[in-house]
Amino acid sequence: MDKFRMIFQFFQSNQESFMNGICGIMALASTQMYSAFDFNCPCLPHYNMVYGLGILLVPPFILFLLGFVLNNNISMLAEEWRRPQGQRGKDSAVLRYMFCSMAQRAMIAPAVWVSVTLLDGKCITCAFCTSVPVETLGNISHSLLSQGEIQRVLARIPCKEIYNGQELIANEVAVRYLRCISQALGWCFVLLMTTLAFLVRSLRPCFSQAAFLKSRYWSHYIDIERKLFDETCAEHARSFAKVCIQQFFEGMSTDLVAARCHLPRKAPEDVGEASKKLLGITDRGTMNMALKSWHRCKPPLHLHSPALPSGNGWAGEGQPSVHPSVPRRETAAYYSLV
């Protein structure tokens, strides 16, 4: 249990770790889904290819979209992309970094599905069973069937219980031939995905490390800013509700006293701290205006603070001093007793 608790805490440490955990769970779920899936090839010409390629490509597309849906940053990316310019500019490099980061994570589960499907070989066997080279692997001269009849016989290769073309080509030979091709494609796909991941991870910092660091920093900043804004709004709503409820009960107490009802005296709850957290926003219209202003005119990313010391060259280097130093004048006063 301690190990699982440590793993769970690691996934909750930051947004990237959480999404990596979600993608890992989706990858495991894709393999379990494929193992539990009952694959039934229709064994009919012109339907086998549609069914086989559909099982190979449609579930990965659904898993890819599901990876985007489960990613919390998709709404943040859409909001940052569609928001007005306001007082803060939109950096296209940050938006590209966020989209590429989400796409890379969303591609894990589809890649696992395609790899498992190709290595298993059922989809390729069903889709391309009519393309088996009978001239090489079978006995085309043994039967006097037409081309259409040969296609119908070959379409039954995945269905061993109804296959009746052993004189044309052995079922085991055709299945083994197609499965070997499918496994070769699967291992090539795994090698390609691994190579691309290695190149992206290793070569990207070599060309644009500074731009990559800036994009990653501001991507994390947007995520943290959004979380802090939500927490601040929730805290303001709690304080607002607390003050409203307190005023409601105080009004009810006043009405009951006016009706000559004797109520037990109770010290009123101190709502001074809650009132301070309202920051002057004490009605619905003002709060709506503040929310609209945050969306339309986010404050610029510039903190107004005193100039930092530049003796070691890390702040204010090459810039004129904001507060020029003025020479101090000393005055001496003499007093005499008369």
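**Exercise 1. Disulfides**

How many disulfides does the count come to? Locate the link that involves Cys41 and describe its geometry.

*Solution.* The model is predicted. Step 1: apply the cut-off, a pair of cysteine sulfur atoms within 2.5 Å. By this rule the count comes to two disulfides. Step 2: take Cys41. Its partner is Cys126, and the sulfur atoms of the pair are 2.0 Å apart. Step 3: read the torsion. The angle about the S-S bond is 75°, and the link of Cys41 and Cys126 is right-handed. Step 4: place the two ends. Cys41 sits in the loop between helix H2 (15-36) and H3, while Cys126 belongs to helix H7 (residues 122-127), so the disulfide ties together parts that are 85 residues apart in sequence.

**Exercise 2. H3 against H6**

Determine how helix H3 is oriented relative to helix H6, and list the residues in contact.

*Solution.* Step 1: get the axes. Those of H3 (residues 48-70) and H6 (residues 108-120) come within 8 Å and cross at roughly 160°. Step 2: classify. Angles over 145 degrees count as roughly antiparallel. H3 is therefore roughly antiparallel to H6. Step 3: assign the hand. H3 passes H6 in a right-handed crossing. Step 4: list the contact. H3 supplies Ile55, Leu56, Pro59, Pro60, Leu63 and Phe64; H6 supplies Ala109, Pro110, Trp113, Val114, Thr117 and Leu118. Step 5: sort by class. The contact of H3 with H6 has eleven nonpolar residues, one polar and no charged.

**Exercise 3. H3 against H5**

Repeat the analysis for H3 and H5.

*Solution.* Step 1: the axes of H3 and H5 are 8 Å apart, at an angle of about 130°. Step 2: that angle makes H3 oblique to H5. Step 3: the crossing of H3 and H5 is right-handed. Step 4: Leu63, Phe64, Gly67 and Phe68 of H3 make the contact with Phe99, Met102, Ala103 and Ala106 of H5. Step 5: by class, the H3 and H5 contact divides into seven nonpolar, one polar and no charged residues. Compare the lists. Leu63 and Phe64 of H3 appear in the contact with H6 and also in the contact with H5.

**Exercise 4. H4 against H5**

Is the crossing of H4 and H5 left-handed or right-handed? Give the angle and the contact classes too.

*Solution.* Step 1: helix H4 (residues 73-82) and helix H5 (residues 92-106) have axes that come within 10 Å and cross at roughly 155°. Step 2: H4 is thus roughly antiparallel to H5. Step 3: the crossing of H4 and H5 is left-handed. Step 4: from H4, Asn73, Ile74, Met76, Leu77, Glu80 and Trp81 meet Leu95, Met98, Phe99 and Met102 of H5. Step 5: the contact of H4 with H5 has eight nonpolar, one polar and one charged residues.

**Exercise 5. Annotated spans**

Which residues does UniProt list for "transmembrane region"? Check the helix content of residues 21-37 and 184-203.

*Solution.* Step 1: the unreviewed UniProt entry lists residues 21-37, 49-70 and 184-203. Step 2: residues 21-37 are 94% helix and 0% strand, with end C-alpha atoms 24 Å apart. Step 3: residues 184-203 are 100% helix and 0% strand, and their end C-alpha atoms lie 28 Å apart.

Terms used
Residues numbered from 1 in each chain as written. Predicted model: local features only at pLDDT ≥ 70, side-chain atom pairs only at ≥ 80, totals over all residues. Heavy atoms only, no water. Axes fitted to C-alpha atoms, helices over the stretch in contact; angles between N-to-C directions. Helix = DSSP H or I, 4+ residues; strand = E, 2+ residues; numbered from the N terminus. Parallel < 35°, antiparallel > 145°, perpendicular 65-115°, else oblique. Left-handed = near helix turned anticlockwise from the far one by under 90°. Contact = heavy atoms within 4.5 Å. Nonpolar A, V, L, I, M, F, W, Y, C, P; charged D, E, K, R; others polar. UniProt positions renumbered as here; feature names shortened; annotations may be inferred.
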